[in-house]
Structure formats: structure tokens, C-alpha cells
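Hi everyone, and thanks for coming. Let's have a look at the protein on my screen together, starting with the whole chain and then going into the details.

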Amino acid sequence: MSRLLTIVAAQVRPIPFDPAATLEKFEDEVRMLTVAFPAADLYIFPELYLTGEHPFTKAPHGYVERPQPIPGPLTRAVGRIAKRAGRWIVAGSIVELDGDARYNTAIVFAPSGRLVARYRKVFTWRPFESYAAGTEVPPVFSIPGVGKVGLMICYDGWFPEMARSLALRGAELIAHPTLTTTPDREEELVMARANAIANQCYVINPNAVVTIGGGRSIGVDPEGRVLFEGGSGEEFLQEVLDLDRVQTVRRRGTRGLNRLLHHVREAPRGIFATYEELGRDLGPD
């Protein structure tokens, strides 16, 4: 019997610089999804959605960003929403406060409402993104009886090591929340396919929509075929993923030819020795 996972990629628009109103909108959207897509198991929302982050829109006078502790009031609220819906939810990312540091942190909830995974974005988009960089590898969490899901955020997708590390730890699907409004979204669509092909897994990459740019969320199968690509407005993109297909492609090869992860594991360790140089001076940035 196939291990089927029905997902919805939420290509949604935050309410600019109003986290409370955006949380209410998120709750309404989750409630709507349980009715409109009753078979869906997992909802994936964009990066920084719940913060009300809205590029190209000026913050109102007196607006102050309010980072959240984890766990804290915001994660408890999202947990309650997930529990009422009875669904797995990748709630995009929020601004986490830990001591004096602010992180761009993705949060994942089980149908019980429990926070099952969180991840501080390692590759913050510098110099444009001011959050501290995470120092831990992105997590892989299990959906019991179905399969394993890896997590990364936006600019992480430009670094092939991130997706490969998830695949080598068993991820069959990479949930990749994004907030991209700039012209390099074109390259991100290519890299979503490349990450899926190179790691023989599904990649679901929802992007927010804002005043200018955004949208074009994408879903890709383990052989790089595009399952869906969103437009420029709000959309909810549903797809049924067969996670057994991941294992078939990894075992038999892409198009029956290329057994990438098998060959990576067989490669001489010296192939990866270059990574040991990363802690040394490699020259100017």
C-alpha cells in the first residue's frame, strides 16, 4: 500500500505589519482548508507570514517588531489552531527572541497541537536580513505511518548542502517556506527542481504574495517534474504525494538510470574533504 501524503501549499498574503490580524487570517485559512480540502494532511505556509512581514510596504509610524519566545504565546496559539484542525502544519517562520538574539525560525505542529520541530534559518539573506544565523542542522521530523519531512527556509535553498543533509537523514519531502519578492524567484524555481532531482525527494516551496512580486509557489516530484506552480495572487495548491515513489526513485534511479544518494554514500571520503577547509581562511568574501 502506498504511503500517501496530501499537502496544501498556502500562497497567502499577510496583513501588513499586523501580526494579530494575520494570526486571525491564518486561523480562518486553516479552518477553511479543513472544509475545502478535507483529505489534506499537511499545510505549509510561507516564511515570516505570521509576522505580517510585507516587503515594499512602509511600516506604519510607531510600529515595533515584537519577536516571540519559543515556546510562547504565539506558538501556543498556533498549536491550538493545529489541534482544532487536526492537521500537520508547517506554519512558515516567525521572528524568535532568545536572549538578545532574533532568529528567523520555522515552526511545525502535529495534529495534537504539539510543537514537533523548530528550525533557525542558517543562511540568512545578508545583508538584507538582519536576523542572527542559526547554528544547528535543519531538522527532519516523522509523520507516523507515512514518512519523513525535512525543513529549510528560503535562502537555504541556494546551498545544495542543506537539501542534501536532509535527504541523507531520510527526508522524503522537503518543506521549504519562502518569502521572495525579488527577480531571483526565477532562479529559485530552477533550484527547487534541482534540489528535488539531486536528492530524489519531493520539494514543496510555498511563497507569500505581497504588494509587488512574490507568488509562484512550486511543488516538484522526486524526478524534478513540476507538480504545480502558482500565479501571482493568493492560492491554495493541493497535491497528493506518494512517498513510496521517493524510495522507488532512490532504489531504481531517476528515470531508471541515476541512483544519486546510493552513489554519494559509496563515494571516497576524500571527495568531501574540501568541507574541512570551510573553517580556514578561503580568501576575501
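I'll go through the overall fold, then the pockets and the cavity, and then a few residues in the loops.

One thing to keep in mind is that this is a predicted model. So, what is the chain built from? The protein chain has six helices and twelve strands. Its radius of gyration is 18 Å, close to the 19 Å that the globule rule gives for 285 residues, so the chain is as compact as a globular protein of that length. If you draw a box along the principal axes, the C-alpha atoms fill roughly 55 × 50 × 35 Å.

How much of the chain is buried? Of the 285 residues, 49% are buried. Now think about which parts of the sequence meet each other. Take the contacts with a separation of 6 or more: 70% of them are between residues 24 or more positions apart. On the outside, the chain exposes about 13,500 Å², and carbon and sulfur atoms supply 55% of that area.

Next, the pockets. The largest pocket has a volume of about 460 Å³. Which residues should you click on to find it? There are 21 residues in its lining, and E53, W125, F128, E129 and L179 lie nearest the centre. By class, that lining has ten nonpolar, four polar and seven charged residues.

The second largest pocket holds about 350 Å³ of space. Its lining has 18 residues, and here you should look for P19, L50, T51, R66 and Q68, which lie nearest the centre. In this lining we count twelve nonpolar, three polar and three charged residues. Where do they come from? Helix 1, residues 19-36, helix 2, residues 73-85, and strand 3, residues 88-98, each supply at least two. Helix 1 gives the largest share, with three residues.

Let's go inside now. The count gives one cavity of 30 Å³ or more, and the volume of the largest cavity is about 60 Å³. Among the residues lining this cavity are C154, W158, H176, T178, R185 and E188. Which element supplies the largest share of the cavity lining? That is helix 4, residues 185-199, with five residues. By class, the cavity lining has four nonpolar, five polar and two charged residues.

I'd like to stay with one of those lining residues, E188. You'll find E188 in helix 4. Is E188 buried or exposed? Its relative accessible area is 9%, so E188 is buried, the cut-off being under 20%. Leaving out residues up to four places away in sequence, E188 touches C154, W158, T178 and T180. Of these partners, C154, W158 and T178 also appear in the lining of the cavity.

Now for the loops. Please find I70, in the loop between strand 2, residues 42-44, and helix 2. I70 is buried too, because its relative accessible area is 10% and the cut-off is under 20%. Which residues does I70 touch? Leaving out residues up to four places away in sequence, they are T75, I94, E96, T105, I107, L115 and R118. Take I94 from that list: I70 and I94 are 24 residues apart in sequence, and their C-alpha atoms are 9.8 Å apart in space.

I70 has another feature to show you. The peptide bond from I70 to P71 is cis, with omega near 0 degrees. P71 is also placed in the loop between strand 2 and helix 2. There is a cis peptide bond from R126 to P127 as well, with omega near 5 degrees. P127 lies in the loop between strand 5, residues 115-120, and strand 6, residues 140-143.

Last, let's turn to the phi angles. F56 is not a glycine, and yet it has a positive phi of about 75 degrees. F56 lies in the loop between strand 2 and helix 2. With a relative accessible area of 52%, F56 is exposed. R255 has a positive phi too, near 55 degrees. Where is R255? Look in the loop between helix 5, residues 243-252, and helix 6, residues 260-266. R255 is exposed, with a relative accessible area of 63%.

That's my tour. Thanks for listening!

Note on methods: Residues numbered from 1 in each chain as written. Predicted model: local features only at pLDDT ≥ 70, side-chain atom pairs only at ≥ 80, totals over all residues. Heavy atoms only, no water. 1 Å grid on protein atoms, 1.4 Å probe; cavity = no way out; pocket = protein on both sides within 12 Å on 5 of 7 lines; lining within 4 Å. Points joined across faces, edges and corners; volume = space filled by probe spheres on them. Nonpolar A, V, L, I, M, F, W, Y, C, P; charged D, E, K, R; others polar. Helix = DSSP H or I, 4+ residues; strand = E, 2+ residues; numbered from the N terminus. Rg over C-alpha atoms; globule rule 2.2 N^0.38 Å. Buried < 20%, exposed > 50% of the residue type's maximum accessible area, 1.4 Å probe, protein only. Contact = heavy atoms within 4.5 Å. Areas by Shrake-Rupley, 256 points an atom, 1.4 Å probe, with all protein chains shown as cover.
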